[in-house]
Amino acid sequence: ALVLGIETSCDETGVGLVRDGVLLGDALASSMDEHARFGGVVPEIAARAHLEALPSMVRHAVDHAGVRLADVDVVAVTAGPGLASAVQVGLAAGKAYALSLGVPLYGVHHLAGHAAVDTLEHGPLPERCVALIVSGGHTSLLLLGDLARDPVVHLGDTLDDAAGEAFDKVARLLGLPYPGGPAIDRAALDGDPEAIAFPRPLTGARDDPYAFSFSGLKTAVARWVERHTGPLPVADVAASFQEAVADTLSRKAVAAGRQYACDTLLMVGGVAANSRVRSLTAQRCAAADIRLRVPTPRLCTDNGAMIAAVGDLLARAGRPPSPLDLAMHPTLTLTSALIPPAGPE
Ligand code: ATP
Ligand code: MG
Ligand code: FE
């Protein structure tokens with residue numbers, strides 16, 4: 001089946017076309033520049049930008065894929081979590097495409113998209129694996145089975161900020177541009193990751209070993225910057241902060257892989273695009289004899305292909321479609337890829 005995927009949960013307008021696990025084409029627009037002067041995404045600006053960009057992104061993706069819109073068999077759209085007004089635009093568009101094409105609609109979980117996109121590059125996921133979803137709004141360690149059928153088990157989540165949020169906030173402290181993650185990644189290239197010993201929050205936690213916390217780390221960086229006199233060694237601070245995040249994430253993810261006897265670790269979401277997070281996790285996975293699967297950086301951040309990938313998995317598993325009066329869910333933990341989660345069959 002040819003699946004059209006639509007993603008509008010934040011500031012990226014993403015459209016992708018997938019058929020049987022193969023990415024045929026995609027298109028992406030971002031309203032990022034319009035939010036830069038506010039230091040963060042403004043929901044109403046994002047929503048308006050989605051409305052303006054969606055029709056042409058659908059056209060671009062269809063052209064890129066070399067198909068016709070009329071060939072689409074299934075529509076998949078992000079139904080949450082995300083900025084309510086932004087999700088709303090994509091959901092309305094998804095419903096309109098499904099209705100006018102006379103094809104089923106799947107409302108999908110944005111985070112399931114982050115995980116599923118990896119199948120487009122690296123093939124079907126194993127029967128079970130540990131997944132680290134590390135993005136702008138989430139930092140979670142999960143136990144995944146069949147994404148299209150099995151419930152998702154949360155091993156641990158962040159107790160405060162998401163890792164991506166910490167990157168964005170620390171970048172602002174350092175006077176680096178928004179979005180902060182890529183800016184810190186670049187600045188850190190010229191820095192010494194051992195220059196400053198920033199804390200590794202909760203790495204010793206026993207009762208909740210897979211919980212994360214990044215607000216204390218951000219505060220530690222802020223204190224260090226405040227106390228420092230003379231020109232700020234931006235590259236060293238960026239590299240040392242990035243090292244603390246990479247160390248914490250990879251340590252816990254590999255420990256979970258070991259404890260749950262999984263031979264595969266899936267690492268996804270915007271922060272999985274980070275060069276040091278990737279290299280340190282790869283090194284630790286190799287030492288633990290765990291296979292690391294991580295999408296190419298371009299597919300780690302929000303895009304339409306990831307939503308089409310979920311639709312493709314759901315359609316191939318013969319899952320019941322979502323109702324056309326499907327409501328958006330701005331806040332939703334990942335328990336199931338399909339929204340609303342279907343009851344017993
Ligand atoms: P969520 O998926 O939790 O709803 P989101 O969709 O806003 O949040 P993503 O698009 O997955 O998040 O990722 C965006 C985040 O990833 C931002 O916080 C950004 O700074 C971060 N990020 C992107 N590239 C990098 C990088 N190279 N290094 C570190 N962080 C990065
Ligand atoms: Mg974004
Ligand atoms: Fe995302």
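# A tour from the whole fold to the annotated site

With the whole chain displayed, begin with its overall dimensions: for 345 residues a compact globule would have a radius of gyration near 20 Å, and the protein, here a predicted model, has 20 Å, which agrees with that expectation. If you turn the C-alpha trace onto its principal axes, you will find that it spans about 65 × 45 × 30 Å. Colouring by secondary structure brings out 12 helices and 11 strands, while colouring by burial marks 55% of the 345 residues as buried. Should you draw the contacts between residues at least 6 apart in sequence, 75% of them join residues at least 24 apart.

**Select residues 24-308.** This is the range that UniProt, in an unreviewed entry, lists as "domain: Gcp-like". The C-alpha atoms at the two ends of residues 24-308 lie 10 Å apart, and the span is 48% helix and 15% strand.

**Select His-110, His-114 and Asp-302.** The same kind of record, an unreviewed UniProt entry, annotates these three residues as "binding site". How far apart are they in space, given that they are spread over 193 residues of sequence? They cluster, with 8.8 Å as the largest C-alpha distance.

Stay with the two histidines, and add helix α4, residues 110-116, in which His-110 is placed and in which His-114 lies as well. Is His-110 buried or exposed? His-110 counts as buried because it has 29 C-beta neighbours inside 10 Å, where 20 or more are required; His-114, with 31 such neighbours, also counts as buried. To see what surrounds each one, leave aside residues within four places in sequence: His-110 is then in contact with Ser-9, Thr-78, Gly-80, Pro-81 and Gly-82, whereas His-114 touches Ile-133, Ser-135, Val-268, Gly-269 and Met-306.

**Select Val-108 and Leu-265.** These are the residues with the most contacts inside the largest nonpolar core, which has 119 residues. The element that gives the most to this core is helix α9, residues 234-259, with 12 residues. In soluble globular proteins, nonpolar side chains tend to be buried together. Centre the view on Val-108 and, again leaving aside neighbours within four places in sequence, look for its contacts: among them are Ala-76, Val-77, Thr-78 and Ala-79, then Gly-113, and further along the chain Ile-307, Val-310, Gly-311, Ala-337, Leu-338 and Ile-339. Thr-78 is thus a residue to keep on display, as it is in contact with Val-108 and with His-110.

**Select helix α7, residues 180-188.** This helix is mostly covered, with 7 of its 9 residues buried. Which residues of α7 are buried? They are Gly-180, Gly-181, Ala-183, Ile-184, Asp-185, Ala-187 and Ala-188. To find what lies over them, show α6 (163-173), α9 and α10 (275-287), which are included in the cover of the buried residues of α7.

**Keep α6 and add helix α8, residues 215-227.** The two helices pack at an angle of about 10°, with their axes 10 Å apart. That angle makes α6 roughly parallel to α8, because angles under 35 degrees count as roughly parallel. To display the contact itself, select Ala-166, Lys-169, Val-170 and Leu-173 on the α6 side, together with Leu-217, Lys-218, Val-221, Ala-222 and Val-225 on the α8 side.

Notes. Residues numbered from 1 in each chain as written. Chains lettered and ligands numbered in written order. Predicted model: local features only at pLDDT ≥ 70, side-chain atom pairs only at ≥ 80, totals over all residues. UniProt positions renumbered as here; feature names shortened; annotations may be inferred. Helix = DSSP H or I, 4+ residues; strand = E, 2+ residues; numbered from the N terminus. Buried ≥ 20, exposed ≤ 12 C-beta atoms within 10 Å, placed from the backbone. Contact = placed C-beta atoms within 7 Å. Core = buried A, V, L, I, M, F, W, Y, C linked by C-beta atoms within 7 Å. Rg over C-alpha atoms; globule rule 2.2 N^0.38 Å. Axes fitted to C-alpha atoms, helices over the stretch in contact; angles between N-to-C directions. Parallel < 35°, antiparallel > 145°, perpendicular 65-115°, else oblique.
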